[in-house]
Structure formats: structure tokens, C-alpha cells
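Student: Before I rely on any label attached to this model, I would like to see the criterion behind it. Could you take me through the terms one by one and set each against its value?

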Amino acid sequence: MNFNNVRYERSFGTSSQLPPSTMPEISFAGRSNVGKSSLINRLFNRKALAKVSGTPGKTSTINFFEAGDVRFVDLPGYGYAKVSKSEKGRWSELIEGYFNQDRDFLLVLSLIDIRHPAQPLDENMIAFLQDAELPFAVVLTKADKLTPNKQRQQKAAITRQLDLGPDVPIVVTSSEKGIGIDELRKLVSAEVRN
Ligand code: GDP
């Protein structure tokens, strides 16, 4: 798959606006500020395909990108403490609405900050993916903030914490330094080919 050929499609504020699933979808989920936008931009070699923000808690939307025969889906970041109740409600509506639809879920990339244990909302996300038997991989972000040794320790600790089976890939990445980006591209390409 060609990561240099991606096109922003549209953003959606409610799940009922989502068009039918016409292509296999690879989605990105994670806490607000985990580095999701930076990772999307790095993956596709683009500066501002997804909006990077120093201030977390942007308005929740689901953003669609198209790359050949695959659609990439940027899900709204969860867990930003300062958003209003109605904004939290919008988040749940979007995420639950998306996953409850009859869509072609090829792979969910669940992003977790490598520096900390998975937070309760990350645990919920992973438990949901496991229960729903959706194909997913864990992407640890911001690896440049830790030494390689500490990265390995955290990878092992988070794998244990989330009880990830041997079939669940877990990739250590840094959008800043380019760590693990090729590995992630290979993982995605392998899914697309299958
Ligand atoms: P999002 O809210 O999940 O989309 O996160 P963003 O991509 O907007 O990033 C949130 C913050 O983390 C920004 O200040 C980024 O510059 C920073 N950030 C993102 N990725 C990395 C990374 O790989 N390494 C470091 N050190 N900082 C990062």
C-alpha cells in the first residue's frame, strides 16, 4: 500500500452522518493528546493531514481519509478531563455509534502513551475490542521520551497489564524520531493485502 497517496475525505459530528462502509477501514483510537494526529501525519508523510494540537480536547469528530482501497478513520480522542458533559456524551455517541454499525473493520490501532501504564479508559477500549473480537493492534507512542531499555520494559509491562494475547501486535513508535513507523506501515500493509 502506498502511504504517500492519501486523501482527506470528510469529518462527521454524529455517527448517523457516517456514510455506509464501502471499503475496509483501519481506525485510530486513543486518549486525547496521546499523539494520534502526529502519528497519522508521520505515517503518511504529511505535515497537516491530521491537526496536531498543543491543547488537548479538540471538538470531537470522526475524520475519514482514503488511501487507495482502504479507508483510515481518525476516531475522537477520549479522556480529556476538562471537556463538558455534553462533549463527553458526543464522544461516546461517536465511538459507540461507529463500532455498532455494520462496517468493514479491518484493524483498530489503539494508541497508548508508552510512559505510563494504560489508563482506565485505555483498559476499557482494549476490553471492548477484545470482547467484540475486533482485529486490533496496540501502538505505544512517544517512545523518544524513554531510553530503549525503558521502552522494552514498558512494552512488556503494558502487554501484561492488558493481557494481550500472542496474536495482538504491539508496536513501539515515536512520531518525533520516526521510531517504529516502518514497522507500523508493514503491519498495516500486511492487513490490507490479506
Ligand atoms: P492527539 O491529541 O492524540 O492528536 O495528539 P497530538 O498529535 O496533537 O500530540 C499531542 C502532543 O504530543 C503535541 O504536543 C505533540 O507535539 C506531542 N507528541 C506527539 N507525538 C510525539 C512523539 O512521538 N514524541 C514526543 N516527544 N512528543 C510527541
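Tutor: Let us start with the ligand: a residue is near a molecule if its C-beta atom, placed from the backbone, lies within 6 Å of it. Please keep in mind that this is a predicted model, in which local features need pLDDT of at least 70 and side-chain atom pairs count only at pLDDT 80 or more, while totals for chains, interfaces and linings use all residues. Residues are numbered from 1 along each chain as its sequence is written.

Student: Which residues come nearest to the ligand under that criterion?

Tutor: The shell around the ligand holds 20 residues, and of these Gly35, Lys36, Ser37, Ser38 and Glu176 come nearest. Helix α1 (residues 36-43) supplies the largest share, three residues, where helices (H or I, at least four residues) and strands (E, at least two) are DSSP runs numbered from the N terminus.

Student: How is the shell around the ligand divided into nonpolar, polar and charged residues?

Tutor: Ala, Val, Leu, Ile, Met, Phe, Trp, Tyr, Cys and Pro count as nonpolar, Asp, Glu, Lys and Arg as charged, and the others, Gly among them, as polar. On that division the shell has three nonpolar, 12 polar and five charged residues.

Student: What makes β1 and β7 the edge strands of the sheet?

Tutor: Two strands pair if DSSP finds at least two bridges between them, and the seven strands form an open sheet of mixed pairing in the order β1-β3-β4-β2-β5-β6-β7. Strands β1 (7-12) and β7 (170-172) each pair on one side only, and are the edge strands.

Student: How do you know that β2 pairs with β4 and with β5, and in which sense?

Tutor: Four bridges join β2 to β4 in the parallel sense, and six join β2 to β5, also running parallel, so both pairs satisfy the requirement of at least two bridges. Glutamate 25 stands opposite arginine 71 in β4, and phenylalanine 28 stands opposite leucine 109 in β5. Strands β3 (residues 62-67) and β4 (residues 70-74), by contrast, pair in the antiparallel sense over five bridges, with phenylalanine 65 opposite phenylalanine 72.

Student: Why is β2 called largely enclosed?

Tutor: A residue is buried if 20 or more other C-beta atoms lie within 10 Å of its own, exposed if 12 or fewer, and partly exposed in between, with C-beta atoms placed from the backbone. Five of the six residues of β2 are buried, so the strand is largely enclosed by the rest of the structure. For the protein chain, 38% of the 194 residues count as buried.

Student: Why does threonine 173 count as buried?

Tutor: Threonine 173, placed in the loop between β7 and α5 (181-193), has 25 C-beta neighbours inside 10 Å and therefore counts as buried. Leaving aside residues up to four places away in sequence, threonine 173 touches several residues, including Leu39, Val139 and Thr141, where contact requires C-beta atoms, placed from the backbone, to lie within 7 Å. The C-alpha atoms of threonine 173 and threonine 141 are separated by 5.1 Å, although the two are 32 residues apart along the chain.

Student: What makes the protein chain as compact as a globular protein of its length?

Tutor: The protein chain has five helices and seven strands. Its radius of gyration is 16 Å, close to the 16 Å from the globule rule for 194 residues, so the protein chain is as compact as a globular protein of that length. The radius is taken over C-alpha atoms, and the rule is 2.2 Å times the number of residues to the power 0.38.

Note on methods:
Two residues are in contact if their C-beta atoms, placed from the backbone, lie within 7 Å.
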